[in-house]
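Please work through the following exercises with the sequence and the model side by side, trying each task before reading its solution.

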Amino acid sequence: MKLSKLFVSCLLAVTPFVAQAQVEQFKIMAPANPGGGFDTIARTLGEALQASGQAKSVVVENKAGAGGAIGMAQFVNNEKGNPHALLVAGAVTVGALETNKSPVNFGMVTPISRLMGEFNVIVVPTASPFKNLKDLMAAYKAKPGAVSIGGGSAGGIDHIMASLMSEKAGVDPDKLNYIPFAGGGEGKAAILGNQISAYISGYGELADLIKAGKVRALGISASTRNADIPVPTMREQGTDVVVYNWRGVFGAPGITPAQRNDLIKMVETAVKSPSWKAKAEKMEWLDMLQSGDSFKAFLNEDIKRTAAIVKKLKLGN
């Protein structure tokens, strides 16, 4: 059974298909380097917008830095009032903005839809002495600085997961040797090149490497094991950390309510298309579609929860 079927309770009713005029050119900002989750979402959504006949062409812009804050700032400054532009952001952005006390925030953009979610997985090189999560945690507890753990931007969901693991090991999170990467391509190159001890990312981003035997998966951050993913949970191995990473899209500041609603319809139609569904199934994404005011309410609660975690783990600058 696919993950999407296990999370039916997360789904919200979506707006029925409404025919819309085709947009000549659509822009999507992926606030990270190519190869990672934001970039994958942006390009998959762009392809789905075109495949569903809603956009003639889609331009994806990559602007990495500060956990998405630099890309968000560029989006806010350049796209004000543009009804045919979207910004990809998610749990990583929430954590990074809170940790870095960023001058930009989610109040500057227009929430459109939460698209999907995925659990994180922690992997090590195939030549690693760590055969399971208990081996890694024992080595970390004995000498924290000697175990380097890579992941997304500082303060993002990967960093928070590593910090929660540190807390479960009884080690102060500020002793964590965390190596942040601006894009998934860089992080995967580092773990494949044995440059770091372990690497955390979304399962979908590492599934091909895991299945090909190029990295060893030690644990997944789900609450229970899934039959489609041959990786034990962290919880069942004695490290009770359960987190998931969500990603969504936001419209430009200054668009009208009618333009916001049109964007919601476009995104929901794209996410229901065969183009999007094929990629989602391959990547094992959780279907977590939620739009408009409901998504905005979820976002506000997630910001509050993340702020509490950042404060507790002393991640803020």
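**Exercise 1. Find which residues of H10 are buried and which are exposed, and state where they lie around the helix.**

Solution. Begin with the buried residues of H10, where buried stands for under 20% relative accessible area, exposed for over 50% and partly exposed for what lies in between (1.4 Å probe, protein chains only); they are Trp 276, Ala 280 and Met 283. These residues cover an arc of only 70° around the axis, so they are on the same side of H10, the arc being that of the directions from the helix axis to the C-beta atoms. On the other side of H10, the exposed residues are Pro 274, Ala 278, Glu 281 and Lys 282. Next, look at what covers the buried residues, which includes H2, strand E4 (110–125), helix H8 (203–211) and helix H9 (257–271). Helices (H or I, at least four residues) and strands (E, at least two) are DSSP runs, numbered from the N terminus.

The model is predicted, so local features need pLDDT of at least 70 and side-chain atom pairs count only at pLDDT 80 or more, whereas totals for chains, interfaces and linings use all residues. Residues are numbered from 1 along each chain as its sequence is written, and side-chain values use heavy atoms, with hydrogens and water left out.

**Exercise 2. Describe how H2 and H10 pack, and name the residues that meet.**

Solution. Helix H2 (residues 37–51) and helix H10 (residues 274–283) pack at about 150°, and their axes are 8 Å apart. Because angles over 145 degrees count as roughly antiparallel (under 35 as roughly parallel, 65 to 115 as roughly perpendicular, the rest as oblique), H2 and H10 are roughly antiparallel to each other. For the contact itself, meaning heavy atoms within 4.5 Å, H2 brings Thr 40, Ile 41, Thr 44, Leu 45, Glu 47, Ala 48 and Ala 51, which meet Ser 275, Trp 276, Lys 279 and Met 283 in H10.

**Exercise 3. Place Ile 179 in the structure and list what it touches.**

Solution. Ile 179 is found in strand E6 (residues 177–180), and with 28% relative accessibility it counts as partly exposed. Leaving aside residues up to four places away in sequence, Ile 179 touches Ser 148, Ile 149, Gly 150, Gly 151 and Ile 196.

**Exercise 4. What is the sign of phi at Ala 66, and where is Ala 66 found?**

Solution. Although Ala 66 is not a glycine, its phi is positive, about 55°. Ala 66 is found in the loop between strand E2 (55–62) and helix H3 (69–78), and its relative accessible area of 41% makes Ala 66 partly exposed.

Notes:
Axes fitted to C-alpha atoms, helices over the stretch in contact; angles between N-to-C directions.
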